[in-house]
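Please open the structure in your viewer and keep the selection panel at hand. The stops below say what to pick next and what is found there.

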Amino acid sequence: MLTTSLITIINKQMRPLKQRQIISLHLEVLENVRQKLASLDKSIKDVIEKGEKWLNEDDNVQTFVQMNQMIVDENSRCLRTCRDIANEKEETDPTTKDEGLNTEISETKPDLTSTVKGSVEYDNRKGNVEEVSTDISTMKDFIQTTERNYSTLSDQLETLTKSLTKKIKSLKKRNTEQDNKMEEMVRRQSVSETRTDSKFDDVMSELHTASEFIKYQTDMLSEKVKKCEECNETILKEHKILESNLKLNVDNLRKQIQSCQETTTNISTSVTQNKSSMESTLEKLQNKCTDIDEKIIQFSNDLDEMSTEMIEQKSNNTAECFCVGTGNIIAQDVKQDKIGTLFMVRFNLDATQNHYDTSTGTYTTPYDGLFLVSLMIENNFIGAVQIHVVTKDSSEEDYVRGVCKADSGATACTFFPLPLKRHEKLFLKGHVNYKHLVLGPNTTFSCILISKM
């Protein structure tokens, strides 16, 4: 029982308070280092995850400047944490207390020796004490190895700190340059936005002015269109009235011509009968009285004058008109500043009338009057054709009185009443120069007298 008690006492005395405090302090230091490194590792992982999201454009909240500043701050914090861990290691290094440990061990040995002196199992206890001493030596070696590892780690941390410090300075320099660039970009963008706003205001002002002008022009054009529509209605009404009057005048002219023809026929018949009767009478009287010859000659002269007057009356009552056409398909150059000579074939013209000259393409009015002018164009040209009806008075100035326009492959006609004075010229001109203008056989140009003035 005594031996067992002594062994228990010796075993309990193998874990002195001082040693356990030293080991506990080492373990606390290591646990503190582990916790700080774990926290630092978690923080580093969070920053790396945020940086990768920003690179993959999954995070559109933070700007480049904010992300760059966050990484620089995290690097600085890591370096400070490493320095703090190294400083805490130096402050809490329990190896400085080896002298006390050795002293305690040396003090323990006499206590143990005096305690177990005289015991039968002293050699066994001595062996146990030697084993404890060996363990203590091994623990010292472990502590020295740990110190060397701490020293190596401290050197590595210092080297890493210097390298990271240089990188931090470089990053701060780059960050400053980037901040300067960003400020310059912001300044330029601000200037650009100011200029853009100014230009936008100018454009909006111009658009507002243009809108007002377009509105004004639209209103004015609307009024002009209304006036044109009213004028067109008036012209259509007048045109209908002129057409009805023209028909009536043509009918009257036809009746007058028929009456004149009947009168002329009756007069001719009467003259023929009178002449034959007078000739027979003269033959009878010629034998009886020679003095009557002079009277007969005088009477014959009177008859001649009557015939002349009848012819003049017939000529004066005949309607003044002309109608010319191409007669066939023609191809001819037409110039804008030259009178067109397109029509060489006459239709329904009295042989005594020669007021339209086909060689010059000009009609000269024989007296003042109201004429009905008609122009028909059969366009076989590749493009649209526009011909102007032009007059020239004594002032030698051209006046466009009418226009006829025909699209390619179409036939167009225009007719209108036109007052003309005696010796006034009537002719055609092209709207522009036409090279090799092709017109069909239905192309005609005509004019008929409606009434004299």
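**First stop: a patch on a helix**

Select Met204, which is partly exposed, with a relative accessible area of 41%. This model is a predicted one, and Met204 is found in its helix H5, residues 122–288. Extend the selection to Phe200, Val203 and Leu207, which together with Met204 make a nonpolar surface patch of about 380 Å².

**Second stop: salt bridges**

The structure holds 12 salt bridges, and three of them are visited here, starting with one in helix H5. Select Glu158 and Lys162, whose side chains meet at 4.0 Å, N to O; being 4 residues apart in helix H5, they are separated by about one helical turn. Glu158 counts as partly exposed at 43% relative accessibility, whereas Lys162 is exposed, with a relative accessible area of 51%.

Next, move to helix H3, residues 64–91, where Glu74 and Arg77 lie 3 residues apart, about one turn of the helix. Their side chains meet in a salt bridge at 3.0 Å, N to O. Glu74 has 10% relative accessibility and therefore counts as buried, the cut-off being under 20%, while Arg77 is partly exposed at 29%.

Then select Lys392 and Glu396, whose side chains meet in a salt bridge of 4.0 Å, N to O. Salt bridges that share partners join Lys392, Glu396, Asp398 and Lys429 into one network. Within this network, Lys392 counts as partly exposed at 21% relative accessibility, and Glu396 counts as exposed at 56%.

**Third stop: an open sheet**

Switch to a cartoon view and colour S3, S1, S12, S6 and S9, the 5 strands that form an open sheet in that order with antiparallel pairing. Strand S3 (345–346) and strand S9 (411–420) stand at the edges, each with a single partner strand, so one side of each has no neighbour in the sheet.

Which residues can guide you across the sheet? Gly325 stands opposite Val345 in S3, where 2 bridges join S1 to S3. Phe322 stands opposite Cys447 in S12, and 5 bridges join strand S1 (residues 321–325) to strand S12 (residues 444–452). Between strand S6 (residues 369–378) and S9 there are 10 bridges, and the bridge partner of Val373 in S9 is Phe416.

**Last stop: the whole chain**

Zoom out to the full protein, which has 6 helices and 12 strands. Buried residues make up 23% of its 453 residues, and the protein exposes about 31,700 Å², with carbon and sulfur atoms supplying 53% of that area.

Conventions: Residues numbered from 1 in each chain as written. Predicted model: local features only at pLDDT ≥ 70, side-chain atom pairs only at ≥ 80, totals over all residues. Heavy atoms only, no water. Patch = residues over 30% accessible without salt bridge, like charges linked within 9 Å, V, L, I, M, F, W, Y side chains within 5 Å. Areas by Shrake-Rupley, 256 points an atom, 1.4 Å probe, with all protein chains shown as cover. Buried < 20%, exposed > 50% of the residue type's maximum accessible area, 1.4 Å probe, protein only. Pairing = 2+ DSSP bridges.
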